[in-house]
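User: I'm new to this structure and would love a close look at one part of it. Could you take me through the aromatic side chains and their surroundings?

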Amino acid sequence: MAGFASVALAPGLGLPPELPGSAAAPLATRQAWWVMTAAATGMGLYLITIRRALITILGGLVLIIAPHVVGAPQAPETASELPAALAAQFAARSLAISFVFWILIGLGLGWAWQAFARGADRGAARA
């Protein structure tokens with residue numbers, strides 16, 4: 001869940017997934033903002049969930065909010081020929097697919113972790 005929140009949801013709040021051919025800010029600035037947001041959100045979630053001290057919780061909240069206060073690079077104001085409903089549908093479906101992807105990664109990792117642990121336990125019992 002933290003991976004989805006860091007890599008898709010938080011950056012998607014400022015820079016929603018865009019349809020090909022739509023107007024957008026320069027690629028380098030969008031990528032820099034995305035990396036900053038993903039890293040800050042990941043670190044913020046770590047501080048909130050793992051450290052659990054008041055100062056780290058506050059620091060985590062600041063890290064999560066900071067990229068959105070700075071603001072994502074905005075596309076130039078031009079009339080788009082693409083329907084707004086299609087762009088909204090694309091953004092929603094992209095985030096939903098990303099959510100399913102991250103859930104499957106988590107389930108797969110949990111299954112592999114348990115399988116390796118069972119294998120290590122069997123190896124220790126034989127020795």
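How many aromatic pairs does the structure hold?

Analyst: Happy to walk you through this predicted model. The structure holds 2 aromatic pairs. One of them joins Phe4 and Phe99 in an edge-to-face arrangement, with 5.2 Å from centre to centre and 75° between the planes. This pair links distant parts of the chain: Phe4 belongs to helix α1 (residues 2-14) and Phe99 to helix α4, and 95 residues separate them. Phe4 has a relative accessible area of 10%, so it counts as buried, being under the 20% cut-off. Phe99, in contrast, is partly exposed at 33% relative accessibility.

The other pair is made by Phe101 and Trp102. Here the rings are edge-to-face as well, 6.1 Å centre to centre with 80° between the planes. Phe101 is partly exposed because its relative accessible area is 47%, a value between the 20% and 50% limits. Trp102 is also partly exposed, with 26%.

Now back to Phe99, which has a second role to look at in this picture: Phe99 helps make a nonpolar surface patch of about 580 Å², together with Met1, Val100, Ile103, Leu104 and Leu107. Take Leu104 as an example from that patch. You can find Leu104 in helix α4, which spans residues 84-126. With a relative accessible area of 55%, Leu104 is exposed, since that label applies over 50%. So Phe99 takes part both in the aromatic pair with Phe4 and in the nonpolar patch at the surface.

Definitions and conventions:
Residues numbered from 1 in each chain as written. Predicted model: local features only at pLDDT ≥ 70, side-chain atom pairs only at ≥ 80, totals over all residues. Heavy atoms only, no water. Patch = residues over 30% accessible without salt bridge, like charges linked within 9 Å, V, L, I, M, F, W, Y side chains within 5 Å. Areas by Shrake-Rupley, 256 points an atom, 1.4 Å probe, with all protein chains shown as cover. Salt bridge = Lys/Arg side-chain N within 4 Å of Asp/Glu carboxyl O. Helix = DSSP H or I, 4+ residues; strand = E, 2+ residues; numbered from the N terminus. Buried < 20%, exposed > 50% of the residue type's maximum accessible area, 1.4 Å probe, protein only. Phe/Tyr/Trp six-rings, centres within 6.5 Å; stacked < 30°, edge-to-face > 60°.
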